[in-house]
Amino acid sequence: MANASGIASSSFTVFDAAAILPTISDVSPTSASRGTTVTLTGTHFDAVTGVTVGSVPAQFTAISATQIVVTIPDAARTGNFQPIMVVAADGTASADFTVLP
């Protein structure tokens, strides 16, 4: 499309890189024992490449772009504030979690 001066112009969209970062909006349940499955709800889970509990890698299944099921690993340390972290190529997201004895 040209303007009144005959100069061509076009429109474009700028995407914010933060828009593709994973987010965690809910953890259910918020505490569990090792070997238990926990459901994470959030966004951009289709790009997740790993999940950790504390610093221990966990098995996970991405159900959809908004839901992941995580198994609390046997090696996870018990106690409060063992964050569950989802890892994607462009960043991470975490939520507080308690690993029960």
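**Exercise 1.** Determine whether glutamine 82 counts as buried or exposed, and justify the choice by its relative accessibility.

*Solution.* Step 1: the relative accessibility of glutamine 82 is 8%. Step 2: this value is set against the cut-offs, where buried means under 20% relative accessible area, exposed means over 50%, and partly exposed lies in between (1.4 Å probe, protein chains only). Step 3: glutamine 82 therefore counts as buried. Step 4: its place is the loop between E6 and E7; helices (H or I, at least four residues) and strands (E, at least two) are DSSP runs, numbered from the N terminus. Step 5: apart from residues up to four places away in sequence, glutamine 82 touches Val53, Gly54, Arg77, Phe97 and Val99, where contact means heavy atoms within 4.5 Å.

The model is predicted, so local features need pLDDT of at least 70 and side-chain atom pairs count only at pLDDT 80 or more, whereas totals for chains, interfaces and linings use all residues. Residues are numbered from 1 along each chain as its sequence is written, and side-chain values use heavy atoms, with hydrogens and water left out.

**Exercise 2.** State in which order the seven strands form the open sheet, and explain why one side of E1 and of E8 is left without a neighbour in the sheet.

*Solution.* Step 1: strands of a sheet pair through backbone hydrogen bonds, either parallel or antiparallel. Two strands count as paired if DSSP finds at least two bridges between them. Step 2: the order is E1-E3-E6-E5-E4-E7-E8, with antiparallel pairing. Step 3: E1 and E8 stand at the edges and have a single partner strand each, so one side of each lacks a neighbour in the sheet. Step 4: on average, neighbouring strands of this sheet are turned by 30° against each other, direction ignored; the axes are lines fitted to C-alpha atoms, for helices over the stretch in contact, and angles run from 0 to 180 degrees between N-to-C directions.

**Exercise 3.** Describe the partners of strand E7 on the basis of its bridges to E4 and E8.

*Solution.* Step 1: strand E4 (residues 48-53) runs antiparallel to E7 and is joined to it by five bridges. Glycine 50 stands opposite valine 87 of E7. Step 2: strand E8 (residues 91-95) also pairs with E7 in the antiparallel sense, over five bridges. Here valine 87 has threonine 92 as its bridge partner, and isoleucine 84 stands opposite alanine 95. Step 3: E7 and E8 form a hairpin with two residues between them. Alanine 89 lies in this loop between E7 and E8 and, at 75% relative accessibility, counts as exposed.

**Exercise 4.** Identify which side chains of strand E7 (residues 84-88) are buried, and relate E7 to the largest nonpolar core.

*Solution.* Step 1: in a regular strand the side chains alternate between the two faces of the sheet. Step 2: in E7, Ile84, Val86 and Ala88 point to one face and are buried, while Met85 and Val87 point to the other face and are not. Step 3: a nonpolar core is a set of buried Ala, Val, Leu, Ile, Met, Phe, Trp, Tyr and Cys residues joined through side-chain atoms within 4.5 Å. The largest such core has 20 residues, and Leu40, Ile84 and Val86 have the most contacts inside it. Step 4: E1, E3, E4, E6, E7 and E8 give two or more residues each to this core, and E4 gives the most, with three residues. Step 5: among the residues that valine 86 touches are Ile24, Leu40, Val51, Ile68 and Ala93.

**Exercise 5.** Find what is unusual in the backbone at histidine 44, phenylalanine 81 and the bond from serine 28 to proline 29.

*Solution.* Step 1: most residues other than glycine have a negative phi, and most peptide bonds are trans. Step 2: histidine 44, although not a glycine, has a positive phi of about 60°. Histidine 44 is located in the loop between strand E3 (37-43) and E4 and is partly exposed, at 30% relative accessibility. Step 3: phenylalanine 81 is not a glycine either, yet has a positive phi of about 60°. Phenylalanine 81 belongs to the loop between strand E6 (67-71) and E7 and is exposed, with a relative accessible area of 62%. Step 4: the peptide bond from serine 28 to proline 29 is cis, with omega near -5°; proline 29 is in the loop between strand E1 (23-28) and strand E2 (31-33).
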